[in-house]
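Reader: I have a structure open and would like to learn how to read it. Could you walk me through a few features?

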Amino acid sequence: MPFVAEILIPLALDAPYSYVVPGTLDLSVGDVVQVPLGPREIVGVVWGLAETAGGSNLRPVTGRLPYAPLSEPLRSLVDWIARYTLAPKGSALAMVLRLPDEAAAAETARVAVRLTDKQPTRPTAARAKVLTAAADRALRGKSALAKEAGVSLSVVDGLIDDGVLEAVAVEPEPVAPPPDPDFPRTPLSPAQAEAVTELVEPFPWLHPEAEAADNRPILLEGVTGSGKTEVYFEAVAACIRTGRQALILMPEIALTAQFLDRFAQRFGVRPAAWHSGVGGKRRERLRAAVAAGEALVVVGARSALFLPFARLGLIVVDEEHEAAYKQEDGVHYHARDMAVVRGRLEGCPVVLASATPSIETRVNAARGRYRHVLLPERFGGRRLPDIAAIDMRKDQPERGRFLSPPLVNAVKHTLERGEQALLFLNRRGYAPLTLCRACGHRYQCKNCSTWLVEHRFRRALVCHQCGYTERRPDACTECGTFDNLTACGPGVERIAEEAAGLFPDRRIVVLSSDFPGGADRLRQELEAVAAGECDLVIGTQLVAKGHNFPSLTLVGVLDADIGLTSGDPRAAERTFQLLQQVTGRAGRGDKPGRALVQTYQPEHPVIASLLSGDAERFYQEEIQAREAAGLPPFGRLAALIVSAAEREVAEAHGQALARAADPPEGVMVLGPAEAPLALVRGRYRFRLLVKTERNVDMQAYLRAWIARGPKVRGNVKVAIDVDPQSFL
């Protein structure tokens, strides 16, 4: 009797298509197959199989592809994400089924060079250095040889062309060398050892008997510098010893390089890294190694959550509070929450690590849904930094400057002692606004309702929403006058300019995600800071988390109030987390640290909690406020963002949606209202906000509402964001 296969296709489709299975093809649920769709062939996954009687006019499955089948837990995760986020099931599958792109599948061949017996036809001093470095005839990479000899790469290339060096193709380096869980390491402190026992002992795969296991997610909370990473490394080691795989999620690629080095210090090798910077054939090889169970530890960005692990035994979400874990386009999912879901489906523990946990995670721990492991003190008995406020109403900077006199003096004395200082401002570029003093013209993005940010190093005005860039003009484009363009407000580039004038003989490094050179340059800069090769660091939130700078003893926060003026219900939480993290960079070495916070609101509850060092005070007050307002985690939110190329069309569709809302008891619908960022990438945006009580089936209500609402026509789009993190 022939079989019919239900094939889910990774397109924006919510249901699988039916195909007949040829008698020569033996298929199982989860197999990756090729099927015809219209005039083309497309990849899909077998989502179900059923016997059928008699003939059928269904098209046949073309064939099975040589890729690892999707496991039952991974298929269940796709179903769960689609159901929770209201995304088409095929869109959720597309995040999992990332097969190699044939156009980008080539992996750069590794080539090494070694010395031959031929002498150079044109001896030079630079070439002599290369010959000396390569005298042992060992294989070396070209760049490594040039660096060792202290010459440019062109000198090595010239010797290859001359036949003095020969190029030899070498095997690609393994994508996932096995980590050694018993590699020699620095001994843990008593507090860390106790935390490891509390963390690892209840893991289910250590207890075959079900009654002894505890598979609840675990909040690993510890003050900055307490050694949380070393604690969850021991959980990873326990996982490896049992032959299982571990996944460590990180919020940003920028944090990965330093982390990989720390991992190598503990396990002897670097783990497999998965992020957007890994491409081509290497990405394909890594995915195959994960599916075969050969890659025992993977460190990656949120997309690593969807890799086809063969024996997943542990998931760690580092800096679990970070908003970067939320996917803001396509399928709107939160990687931290989906990690908890995958852990439950796989039957493996999930560790959520943070010095400043999210309110949601804190409440889950308080209610017993999560286990709570605490590290209340810094490693080695080091003190937390002393934090003091600089009231900008009393200690104002000089006109045209942004560093207050007390902060300037503190930086001066810190540098004189041979220590490092950090100036933190969470604003990229030189200035957030450029205007003309003569006519008042403000430079705005042509595609978005945002001001263009001046980047003086690049002589450009840039939109941080869509990337639109134009050259900074010499004369006002509105009135034509010269020398009247004024930069309003500071960015890190402007602070660097001011600091260079105040400390001309000091080495200053600016760290921002949009500086030229990409991830490689950023890694080099971070290594230089950690090695003490600079005096003053000026950075955005990029430097606020995950970094260890032993010589850094002073942190100056330039605008602590920057995040407290928005209408975001999470504004207080995010500001506290960011300030707590950045001030925690101070005093992580042998010398004590301190932080100075420039603020116009020292009495604000967030600033007061930070200054007092009483994080519990902030959490208690914020949790009480959330509960009183019925906001997450005590209520639920969803946002509907209506966008169109014409403002009137977007507004009309939003109003029609509102008229069809018909909210039942326990549901409140607000809007439509023009979004704070009303125009993004040429599309006008209106928002509706749904607020429900915790026990309401929000997804069922949203599906019913969309079904009875107006049909989407023309260029109108409606995006649904369950549990929104951004309110712009």
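**Reading a few features**

Author: Gladly. Let us begin with one residue: at 3% relative accessibility, Cys476 counts as buried. Keep in mind that this is a predicted model.

Reader: How should I read that percentage, and where is Cys476 found?

Author: Under 20% relative accessible area means buried, and over 50% means exposed. Cys476 sits in the loop that links β21 (469–471) to β22 (485–488).

Reader: Which residues does Cys476 touch, not counting those up to four places away in sequence?

Author: Cys476 touches Cys436, Cys439, His441, Tyr443, Thr481 and Leu485.

Reader: What can you tell me about Cys436, then? Is Cys436 buried or exposed?

Author: Cys436 is buried, as its relative accessible area is 1%. This residue belongs to strand β18 (residues 433–436). Setting aside neighbours within four places in sequence, its contacts are His441, Cys476, Cys479, Thr481, Asn484 and Leu485.

Reader: Several cysteines keep turning up. What does UniProt list for them?

Author: A record can point you to residues worth viewing together. Here the unreviewed UniProt entry lists Cys436, Cys439, Cys476 and Cys479 under "binding site". They span 44 residues in sequence, but no two of their C-alpha atoms are more than 8.7 Å apart, so the four gather at one spot.

Reader: Now a contrast, please. Is Pro376 buried or exposed?

Author: Compare its percentage with the cut-off for exposed, which is over 50%. Pro376 has a relative accessible area of 54%, so this residue is exposed. You will find Pro376 in the loop between β15 (371–375) and β16 (386–391). Sequence distance and distance in space are separate things to check: Pro376 and Ala191 are 185 residues apart along the chain, while their C-alpha atoms are separated by 8.7 Å.

Reader: Let us turn to helices. At what angle do α15 and α16 pack?

Author: Look at both the angle and the spacing of the axes. Helix α15 (residues 571–583) packs against helix α16 (residues 605–612) at about 30 degrees, and their axes are 10 Å apart. Angles under 35 degrees count as roughly parallel, so α15 is roughly parallel to α16. The crossing of α15 past α16 is right-handed.

Reader: Which residues make the contact?

Author: From α15 come Ala572, Thr575, Phe576, Leu579, Gln580 and Thr583, and from α16 come Val606, Ile607, Ser609 and Leu610. Sorted by class, this contact has six nonpolar, four polar and no charged residues.

Definitions and conventions: Residues numbered from 1 in each chain as written. Predicted model: local features only at pLDDT ≥ 70, side-chain atom pairs only at ≥ 80, totals over all residues. Heavy atoms only, no water. Axes fitted to C-alpha atoms, helices over the stretch in contact; angles between N-to-C directions. Helix = DSSP H or I, 4+ residues; strand = E, 2+ residues; numbered from the N terminus. Parallel < 35°, antiparallel > 145°, perpendicular 65-115°, else oblique. Left-handed = near helix turned anticlockwise from the far one by under 90°. Contact = heavy atoms within 4.5 Å. Nonpolar A, V, L, I, M, F, W, Y, C, P; charged D, E, K, R; others polar. UniProt positions renumbered as here; feature names shortened; annotations may be inferred. Buried < 20%, exposed > 50% of the residue type's maximum accessible area, 1.4 Å probe, protein only.
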